[in-house]
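The following exercises concern the fold and the ligand surroundings of one protein. Each task should be attempted with the sequence and the model in view before its solution is read.

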Amino acid sequence: MGKKERAQERREQRRQQISLLRTIPYSDQQRWWSNETIAVVTGSNRGIGFEIAHQLASHGLTVVLTSRETRVGEEATKIMQEKGLNVVFHQLDIVDPASVETFSDWIKENYGGLDILINNAGVNFNFGTDNSVEYAETVIQTNYFGTKSMTKAMIPLMRPSPFGARIVNVTSRLGRLNGRRNRIANVSLRQQLEDVDSLSEELIDSTVNSFLEQVKNGTWESGGWPQVFTDYSLSKLAANAYTRLMARILSDQPEGQKIYMNCYCPGWVKTAMTDWAGHTSPEVAADTAVWLALTSDQFVSGKFFAERREINF
Ligand SMILES: NC(=O)c1ccc[n+]([C@@H]2O[C@H](COP(=O)([O-])OP(=O)(O)OC[C@H]3O[C@@H](n4cnc5c(N)ncnc54)[C@H](OP(=O)(O)O)[C@@H]3O)[C@@H](O)[C@H]2O)c1
């Protein structure tokens with residue numbers, strides 16, 4: 001059997017394990033949530049976000065399904081409500097400050113806050129072997145700055161719990177700092193982004209801004225940026241680094257008011273983002289987000305996961 005077939009076989013075995021794990025219900029003892037537990041999922045009108053919202057609601061939580069377009073968001077919500085699930089809709093465009101502010105006011109007024117935030121909304125404009133940076137600004141604004149803006153808006157609203165409030169960022173293996181085939185060439189920059197003690201928001205912002213500057217002046221190709229889906233990979237690398245940074249900052253929260261923040265890669269998923277070319281279903285792709293949001297024996301923060309396993313960023 002060749003290397004490729006062996007990798008494929010391993011993937012298939014892992015998928016079967018995940019399917020098995022998904023059939024095991026979270027036990028009563030682990031069930032720390034109720035229908036008063038509020039989970040917000042960004043970009044949940046379709047794809048992986050829709051499935052995360054669906055699975056969380058199926059576990060008995062109240063889910064706020066959000067979408068930048070009201071009509072499609074309401075339609076998606078109706079599908080779940082017709083199944084008897086506790087799902088409500090609110091408009092949310094994560095790159096529109098007014099929308100984020102209106103959403104924050106609404107969640108505070110209606111629920112007094114939230115317990116779980118899934119930062120799922122994201123964009124990518126490349127397929128196959130394409131590597132255009134035509135939409136780099138939108139990609140970085142949405143996947144990194146939008147995620148950051150939602151996180152900052154929601155943290156003050158996260159309700160105290162002995163199990164900790166949870167933030168899960170849907171990122172990607174493409175955003176790993178030390179990926180073998182896709183990484184920033186500058187070793188010193190990689191080390192700075194890796195060192196959680198000296199990592200700062202300014203460093204992450206300046207890294208993505210320097211890429212955007214090079215896109216504008218036409219020099220990005222010799223900038224030593226990730227080689228595959230450059231704008232997307234860098235946006236997810238920034239979101240991964242931000243997860244590590246925030247986990248460090250949030251670790252100061254007193255007992256009972258902990259907020260755990262992790263990120264994960266859902267795999268290569270059959271959604272609009274891949275033009276349905278992935279090999280993982282949205283159902284399986286949603287699993288790790290739901291597990292990170294609900295599990296009671298996984299008090300980790302600032303880590304990166306794939307298929308319920310921690311892996312190096
Ligand atoms: N598919 C994969 O193979 C894969 C792999 C790794 C990571 N991911 C990540 O998984 C997440 C979900 O992707 P997907 O595959 O489910 O893609 P998708 O089907 O294209 O869904 C993306 C969702 O994000 C929403 N969105 C985009 N920009 C937004 C904004 N400014 N404000 C609010 N919502 C916004 C979209 O809304 P509209 O419907 O209005 O466009 C849509 O609901 C993304 O973060 C993606 O990067 C996907």
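The exercises move from the sheet to the helices, the ligand shell and single residues.

The model is predicted, so local features are taken only at pLDDT of at least 70 and side-chain atom pairs only at pLDDT 80 or more, whereas totals for chains, interfaces and linings use all residues. Residues are numbered from 1 along each chain as its sequence is written. Helices (H or I, at least four residues) and strands (E, at least two) are DSSP runs, numbered from the N terminus.

**Exercise 1. The order of the sheet**

Determine the strand order of the open sheet and identify its edge strands.

Solution. Two strands pair if DSSP finds at least two bridges between them. On this basis, eight strands form an open sheet in the order 3-2-1-4-5-6-7-8, and the pairing is mixed. Strand 3 (87-91) and strand 8 (309-311) are the edge strands, since each pairs on one side only. From one strand to the next, the twist averages 25°; axes are lines fitted to C-alpha atoms, for helices over the stretch in contact, and angles run from 0 to 180 degrees between N-to-C directions.

**Exercise 2. Strand pairing**

Trace the pairing from strand 2 through to strand 6, giving the sense and the number of bridges.

Solution. In general, strands of a sheet pair through backbone hydrogen bonds, either parallel or antiparallel.

1. Strand 1 (residues 38-41) runs parallel to strand 2, joined by four bridges. The bridge partner of Val-40 in strand 2 is Val-64.
2. Strand 1 also pairs with strand 4 in the parallel sense, over three bridges. Here the bridge partner of Val-40 is Leu-117 of strand 4.
3. Strand 4 pairs with strand 5 in the parallel sense over four bridges. Asn-119 stands opposite Asn-169 in strand 5.
4. Strand 5 (residues 165-170) and strand 6 (residues 259-265) are parallel, with six bridges. Val-170 faces Tyr-264 of strand 6.

**Exercise 3. Burial of strands 2 and 4**

Which residues of strand 2 point one way, and which the other?

Solution. In a regular strand the side chains alternate between the two faces of the sheet. In strand 2, Thr-62, Val-64 and Thr-66 point one way, Val-63, Leu-65 and Ser-67 point the other way, and all are buried. A residue is buried if 20 or more other C-beta atoms lie within 10 Å of its own, exposed if 12 or fewer, and partly exposed in between, with C-beta atoms placed from the backbone. Six of the six residues of strand 2 (residues 62-67) are buried, so this strand is largely enclosed by the rest of the structure. In strand 4, Ile-116 and Ile-118 point one way and Leu-117 and Asn-119 the other way, and all are buried.

**Exercise 4. Helix packing**

Describe how helix 5 and helix 8 lie on the sheet, and how helix 7 meets helix 8.

Solution. Two residues are in contact if their C-beta atoms, placed from the backbone, lie within 7 Å.

1. Helix 5 (residues 136-154) lies across strand 4 (116-119) and strand 5, at about 170° to strand 4.
2. Helix 8 (residues 230-250) touches strand 5, strand 6 and strand 7 (304-306), and its direction makes about 160° with that of strand 6.
3. The axes of helix 7 (residues 201-217) and helix 8 come within 10 Å and cross at roughly 175°. These two helices are therefore roughly antiparallel to each other, the term for angles over 145 degrees (under 35 is roughly parallel, 65 to 115 roughly perpendicular and the rest oblique).
4. Glu-201, Ile-204, Thr-207, Val-208 and Phe-211 in helix 7 meet Leu-234, Ala-238, Ala-241, Tyr-242 and Leu-245 in helix 8. By class, this contact has eight nonpolar, one polar and one charged residues. Ala, Val, Leu, Ile, Met, Phe, Trp, Tyr, Cys and Pro count as nonpolar, Asp, Glu, Lys and Arg as charged, and the others, Gly among them, as polar.

**Exercise 5. The ligand shell**

Which residues come nearest to the ligand, and which helix gives the most to the shell?

Solution. A residue is near a molecule if its C-beta atom, placed from the backbone, lies within 6 Å of it. Of the 32 residues around the ligand, Gly-43, Gly-47, Ala-121, Gly-122 and Thr-271 come nearest. Helix 2 (47-58) and helix 5 are the elements that give two or more residues, and helix 2 gives the most, with three. The shell divides into 13 nonpolar, 15 polar and four charged residues.

**Exercise 6. Positive phi**

Where do Phe-229 and Arg-308 lie, and is each buried or exposed, or in between?

Solution. Most residues other than glycine have a negative phi. Phe-229, in the loop between helix 7 and helix 8, has a positive phi near 40°. With 24 C-beta neighbours inside 10 Å, Phe-229 counts as buried. Arg-308 lies in the loop between strand 7 and strand 8, with phi near 65°. Its 17 C-beta neighbours inside 10 Å make Arg-308 partly exposed.
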